[in-house]
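Here are my notes on the model, set out as numbered points. Please read them with the structure open beside you.

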Amino acid sequence: MGETIRIVINNEIDIVVARQKGRELSKAVHFGIVDQSRITTAISELARNIYLYASHGEIRLSIKEENRKKGLEIIAEDKGPGIDDIRKALEDGYTTSNGLGAGLPGVKRLMDTFSIESVPGEGTKITALKWTK
Amino acid sequence: MRIPILKIKEYLLVSIQVELDDQTVLEFQEDLLNKIAETDARGVVIDLTSVDMVDSFIAKVLGDVVTMTSLMGSVTVLSGIQPSVAITLIELGITLDNVHTAMDLDQGILILNRLLEG
Ligand SMILES: Nc1ncnc2c1ncn2[C@@H]1O[C@H](COP(=O)(O)OP(=O)(O)OP(=O)(O)O)[C@@H](O)[C@H]1O
Ligand SMILES: [Mg+2]
């Protein structure tokens, strides 16, 4: 426990690496198949946002434990342009890249906890966590 | 990694068995459209039985593929979407409206037969 897996995001293949690590880790913690899919998809969304909007950054995955419950925490951090209007970025369908605008609001629904810190011009840090049942 | 596209009679059949990185997905989109133009295929089944994760990017490209193939006069059915993938897609807010779906490849072909008969 306590260990953190760090995946540097520089290109499209790193997105695949991040979600594969997420899949392995969520299996190891005995998440069910649906939660494995939720976690893997959330990682993919956050890693792609880093690649798309900040070019570089990292995903950190770690196992948390509280009241004998285990959880998987995803931290996505970059020193990119930051998000001007976080409220807007969390709206379904809001996109600046001709995407579906499903990533951030989707991750929020897929995970149990979700928070964004972002400073325009400095970067973005998103933390999301899923607990086992 | 190129995804193989098989032609059987007037249909194209695709079973996705590889990890879908962005480039693979975009190449597949292009390959499929070219193949439809080349073969005048009337229908396409894309089988997703082995796909254990679909994120918003992959979903967008799949949706675009369905729209583009229909603009080209062909019909595309998505088959074998895993329950866990379906649940995740709905939570992402992606409903894939107007997309024909089937339980598996066989059912997909039956649906094409029905849609294209006459
Ligand atoms: N790490 C980031 N740095 C800067 N801006 C970001 C970052 N992540 C998201 N954004 C901004 O928030 C918007 C919404 O992000 P979200 O992931 O919800 O949708 P999208 O990436 O545009 O489309 P989709 O994820 O559906 O393909 C983005 O269009 C972008 O403007
Ligand atoms: Mg996104």
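1. A polar contact here is a pair of N or O atoms within 3.5 Å; within protein, one atom must be able to donate a hydrogen and the other to accept it, and residues adjacent in sequence count only if both atoms are side-chain atoms. With ligand 1, a polar side-chain atom of A:Thr96 lies 2.6 Å from an oxygen atom of the ligand, and a polar side-chain atom of A:Thr95 lies 2.5 Å from an oxygen atom of the ligand. The backbone also takes part, since a polar backbone atom of A:Gly101 is 2.9 Å from an oxygen atom of ligand 1.

2. This is a predicted model, in which local features need pLDDT of at least 70 and side-chain atom pairs count only at pLDDT 80 or more, while totals for chains, interfaces and linings use all residues. Residues are numbered from 1 along each chain as its sequence is written, chains are lettered from A and ligands numbered from 1 in the order in which they are written, and side-chain values use heavy atoms, with hydrogens and water left out.

3. Ligand 1 is placed between chains A and B. Around this ligand are 20 residues (a residue is near if one of its heavy atoms lies within 4 Å), of which A:Tyr53, A:Thr95, A:Thr96, A:Ala102 and A:Leu104 come nearest.

4. Turning to the two chains, the contact (heavy atoms within 4.5 Å) draws 26 residues from chain A and 21 residues from chain B. Together they bury about 1,900 Å², 53% of it on carbon and sulfur atoms, where buried area is the accessible area (1.4 Å probe) that two parts lose on being put together, summed over both. On the chain B side, B:Met53, B:Glu91 and B:Leu92 lose the most area to chain A, together 29% of what that side buries.

5. Six salt bridges are counted between chain B and chain A, a salt bridge being a side-chain nitrogen of Lys or Arg within 4 Å of a carboxyl oxygen of Asp or Glu. B:Asp55 forms a salt bridge with A:Arg48, with the closest N and O atoms 2.7 Å apart. Across this interface, 13 residue pairs are in polar contact, both residues being at pLDDT 80 or more.

6. Over all chains, the structure holds 19 salt bridges. The side chains of A:Arg38 and A:Asp35 meet in a salt bridge at 2.7 Å, N to O; both residues lie in helix H2 (residues 33-54) of chain A, three residues apart, about one turn of the helix. Helices are DSSP runs (H or I, at least four residues), numbered from the N terminus.

Conventions:
Helices (H or I, at least four residues) and strands (E, at least two) are DSSP runs, numbered from the N terminus.
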